[in-house]
Amino acid sequence: MKSKIFLYLFVFAALIVLYQFVSANNYQKAMNSDMDGLQSEISELKDSLQKSQLKILDIQYFSLENNDDALAYYEHLDLKDPVRYIEDKLLETNERKGNNPLVPYDGMESDFKINKIKVLNHKWLLADFSDGKYWGDLVIKYELKDDLSVDFTLLDHLLYTRSH
C-alpha cells in the first residue's frame, strides 16, 4: 500500500511538473511574441519620429530663427528675440479700432485682425487674418530700423471664399 501511495505521489508530482513546464513554455512564447511586436512598433515609431523631424526641419527652412545670414542684420540691435519683437509690433496694429490697417478688406462678420505670423527672413513675413468667419493671407515687407521701429508694407493679399 505504501508503495502505491509513493507511486501515486510520484505520478501526481510528475503531472504538476509537466503542467508547469508546458505553462512556462507557453508563457515564454507569448512574451516573445509580445516583445517582437513591441520592437517592431518601436522601429515604426523611430521611423515616424525621424520623418517628423525632417519635416520640421523642412518647414523651418524659411524662418528667421534658422537663418543666420538674415539674423546678422539685427546683431547690432541687441534684441534677444527679433522674431518675437517683429511679431509683437505687427500684432500691435490689431489694437486700433476697426479693421487692421494692413488688411485691405472690410470685415464682414466683425473687424479683420491678424492672427498668425511667420517671419521668413529679415525682409518678409506671412500673416493670416480673420474676422471670425472669413479669413485670408498677407505677404508683408517689413523694415526693422535702428531705433527699433518697424515699418510694414503690404505686398500681396488673398481673401478665401467660403465654400458651403
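Okay, let's start inside: F112 and F129 are both buried. Keep in mind that what you're looking at is a predicted model.

So how do those two rings sit relative to one another? The ring centres of F112 and F129 are 5.1 Å apart and the planes stand at 90°, so we call this pair edge-to-face. Now look at where they come from. F112 is in the loop between α3 and β1, while F129 belongs to strand β2, so this pair ties together parts that are 17 residues apart in sequence. And they have company: Y105 joins F112 and F129 in one aromatic cluster.

How many aromatic pairs does the structure hold? There are 4. Another one of them is Y61 with F62, where the centres are 5.0 Å apart and the planes are at 90°, so that pair is edge-to-face as well. But check the surroundings here. Y61 counts as exposed, at 60% relative accessibility, and F62 is exposed too, with a relative accessible area of 55%. The F112 and F129 rings, remember, are buried.

Okay, on to the nonpolar core. The largest one has 23 residues, and the members that touch the most other members are I86, L90, I114, L125, Y142 and F152. Which elements feed into it? Those giving two or more residues are α3, β1, β2, β3 and β4, the last of these covering residues 150–159. The largest share is from β3, which puts in 4 residues.

Let me pick out Y142 for a moment, one of those core members with the most partners. If you skip its neighbours within four places in sequence, Y142 is in contact with a long list of residues, including L64, Y74, I86, V119, W124, L125 and F152. Polar and charged names turn up on that list too, among them N121, H122, K123 and D151. Hang on to D151, please, as we'll meet it again.

Now for the charges. Opposite charges on side chains can pair up when the charged atoms come close. In this model, we have 5 salt bridges.

Take R84 and D88 to begin with. Their side chains meet in a salt bridge, at 3.2 Å from N to O. Where are they? Both are in helix α3, which runs over residues 82–92, and they are 4 residues apart, about one turn of the helix. R84 counts as partly exposed, at 42% relative accessibility, and D88 is partly exposed as well, with a relative accessible area of 33%.

Next up, K133 and E109, whose closest N and O atoms are 4.0 Å apart in their salt bridge. K133 is in the loop between β2 and β3, and E109 is in the loop between α3 and β1, so this pair ties together parts that are 24 residues apart in sequence. K133 itself is partly exposed, at a relative accessible area of 35%.

And here's D151 again. Which residue does its side chain meet in a salt bridge? That's K145, with 2.5 Å from N to O. Buried or exposed? Neither, really: K145 has 30% relative accessibility and counts as partly exposed, and D151 is partly exposed with a relative accessible area of 34%.

One last thing before I stop. Some of the salt bridges share partners, and that joins R84, E87 and D88 into one network. If you have the structure open, helix α3 is the place to find R84 and D88. That's it from me, thanks.

Key
Residues numbered from 1 in each chain as written. Predicted model: local features only at pLDDT ≥ 70, side-chain atom pairs only at ≥ 80, totals over all residues. Heavy atoms only, no water. Buried < 20%, exposed > 50% of the residue type's maximum accessible area, 1.4 Å probe, protein only. Phe/Tyr/Trp six-rings, centres within 6.5 Å; stacked < 30°, edge-to-face > 60°. Core = buried A, V, L, I, M, F, W, Y, C linked by side-chain atoms within 4.5 Å. Contact = heavy atoms within 4.5 Å.
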